[in-house]
Amino acid sequence: MDADTLFHADAIEKLVRHFADERAGAVSGNAKVGNKHNWLTRFQSIEYIFGFNLDRLAWDLVNAITVVPGAVGAWRKTLVQKLGGFSHDTLAEDTDLTLAIRRNGYQIRYEEDAVAFTEAPEDIRSLAKQRFRWAFGTLQAVWKHREATLNPRDGTLGFVALPGIWLFQVVLAGIAPFADLAMIATLFVGNWPVVLGYCLAFFCVELVLGLLAYWLEGENPKDLLLLFPQRLFYRQLMHYVLLRSLLYAARGRLVSWGKLERKATVAGG
């Protein structure tokens, strides 16, 4: 667990029950934002419920979870010791260890009922700093384990999860700013009804997925009223974070783990 995180009373019990199965190497819990008191932390709450946790439900079905988060997770101790513990090779040590465990033939599980409330960054600078570390560390981890990509031995990890990271988090995200510029240019040459129609259709699909995610989590979907501005904001932030990460990686620059200011504002559910 992280020092800024509060567990539900039964979270540990829900996590460790999976280790009755000898194939389970690690278990991811369900992290939620515990300091939803401004628009930025509410944006992050949407991201956690909509993205992280909905994704893990899907990846759990095919044993392709790529990260057990440091905020709430459990690890088979003997296996962690066998693999040398948390490595200092990447800034995403939880992703690195998760991939190592999965590649050693163990299952990575997701326990949605093991709920913990974590402190999300409350200002844009801190959020950008956190996401840069996550993005750069993920790049380091998937590069370290690049031999697993499209490797039949690694199954769905090699053919679904890792290619998905390269395609959606690197390639498509890298060309997304150019797609945005092309869309803006199209608006000015008279094709705005078609462009706006596609944008509306994609947003409606995202809204339906969001409603599904909130229903599965048993959460009030009122925060989805912020989905449209949240998407606009995160799109630009992630463009900046990814571009910076790729530039640092290409130049071989060293990156420190970084320290975020914590305010102890988490309230449990």
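In which helix does Ser45 have its place? In this predicted model, Ser45 belongs to helix H2, which comprises residues 39-61. Ser45 has a relative accessible area of 5% and is therefore buried. Setting aside residues up to four places away in sequence, Ser45 touches Val33, Lys36, Tyr214 and Asp223.

## The sheet

The model contains an open sheet of four strands, arranged in the order S1-S4-S2-S3 with mixed pairing. Strand S1 (6-7) and S3 occupy the edges, and each has a single partner strand, so one side of each is left without a neighbour in the sheet. Strands of a sheet pair through backbone hydrogen bonds, in either the parallel or the antiparallel sense.

Both senses occur around S2. Strand S4 (residues 107-118) pairs with S2 in the parallel sense, over eight bridges. Within this pairing, Ser28 stands opposite Tyr110 in S4, and Val33 stands opposite Thr118 in S4. Strand S3 (residues 73-75), by contrast, runs antiparallel to S2 and is joined to S2 by three bridges. Here Trp75 in S3 is the bridge partner of Ala26.

How many of the 10 residues of strand S2 are buried? For S2 (residues 24-33) the count is 10 of the 10, so the strand is largely enclosed by the rest of the structure. One residue of S2 is Gly29, which counts as buried because its relative accessibility is 0%, under the 20% cut-off. Beyond its neighbours within four places in sequence, Gly29 is in contact with Leu15, Val72, Gly73, Tyr110, Glu111 and Ala114. The C-alpha atoms of Gly29 and Arg56 are 9.6 Å apart in space, while the two residues are 27 apart in sequence.

## Helices around the sheet

Helix H2 lies across S2 and S4, and runs at about 155° to S2. The contact of Ser45 with Val33 was noted above; Val33 is also the residue that stands opposite Thr118 in S4.

Helix H4 (residues 93-103) has 10 of its 11 residues buried, so H4 too is largely enclosed by the rest of the structure. The buried residues of H4 are Asp94, Thr95, Asp96, Leu97, Thr98, Leu99, Ala100, Ile101, Arg102 and Arg103. They pack against the strands S2, S3 and S4, and against helix H3 (77-82), helix H5 (124-144) and helix H6 (155-187). Just after H4, Gly105 adopts a positive phi of about 90°.

## Packing of H7 and H8

Two packed helices are described by the angle between their axes and the distance between the axes. For helix H7 (residues 192-217) and helix H8 (residues 227-251), the angle is about 110° and the axes are 11 Å apart. H7 and H8 are therefore roughly perpendicular to each other, as the range for that description is 65 to 115 degrees. In this contact, Phe203, Glu206 and Leu207 in H7 meet Leu227, Phe228 and Arg231 in H8. By class, the contact of H7 with H8 has four nonpolar, no polar and two charged residues.

## Aromatic pairs

A pair of aromatic rings is described by the distance of the centres and the angle of the planes. The count for the model is seven aromatic pairs. Two of the pairs, each involving Trp39, are set out below.

| Pair | Centre to centre | Between the planes | Geometry |
|---|---|---|---|
| Trp39 and Phe43 | 5.2 Å | 75° | edge-to-face |
| Trp39 and Phe233 | 5.5 Å | 90° | edge-to-face |

Trp39 and Phe43 both lie in helix H2, where they are four residues apart, about one turn of the helix. Is Phe43 buried or exposed? Phe43 is buried, at a relative accessible area of 4%, whereas Trp39 counts as partly exposed at 44% relative accessibility. The pair of Trp39 with Phe233 joins helix H2 to helix H8, so the pair ties together parts that are 194 residues apart in sequence. Phe233 has a relative accessible area of 18% and is buried, because buried means under 20%. Ring pairs link Trp39, Phe43, Phe233 and Tyr234 into a cluster.

How values were computed. Residues numbered from 1 in each chain as written. Predicted model: local features only at pLDDT ≥ 70, side-chain atom pairs only at ≥ 80, totals over all residues. Heavy atoms only, no water. Buried < 20%, exposed > 50% of the residue type's maximum accessible area, 1.4 Å probe, protein only. Helix = DSSP H or I, 4+ residues; strand = E, 2+ residues; numbered from the N terminus. Pairing = 2+ DSSP bridges. Contact = heavy atoms within 4.5 Å. Axes fitted to C-alpha atoms, helices over the stretch in contact; angles between N-to-C directions. Parallel < 35°, antiparallel > 145°, perpendicular 65-115°, else oblique. Nonpolar A, V, L, I, M, F, W, Y, C, P; charged D, E, K, R; others polar. Phe/Tyr/Trp six-rings, centres within 6.5 Å; stacked < 30°, edge-to-face > 60°.
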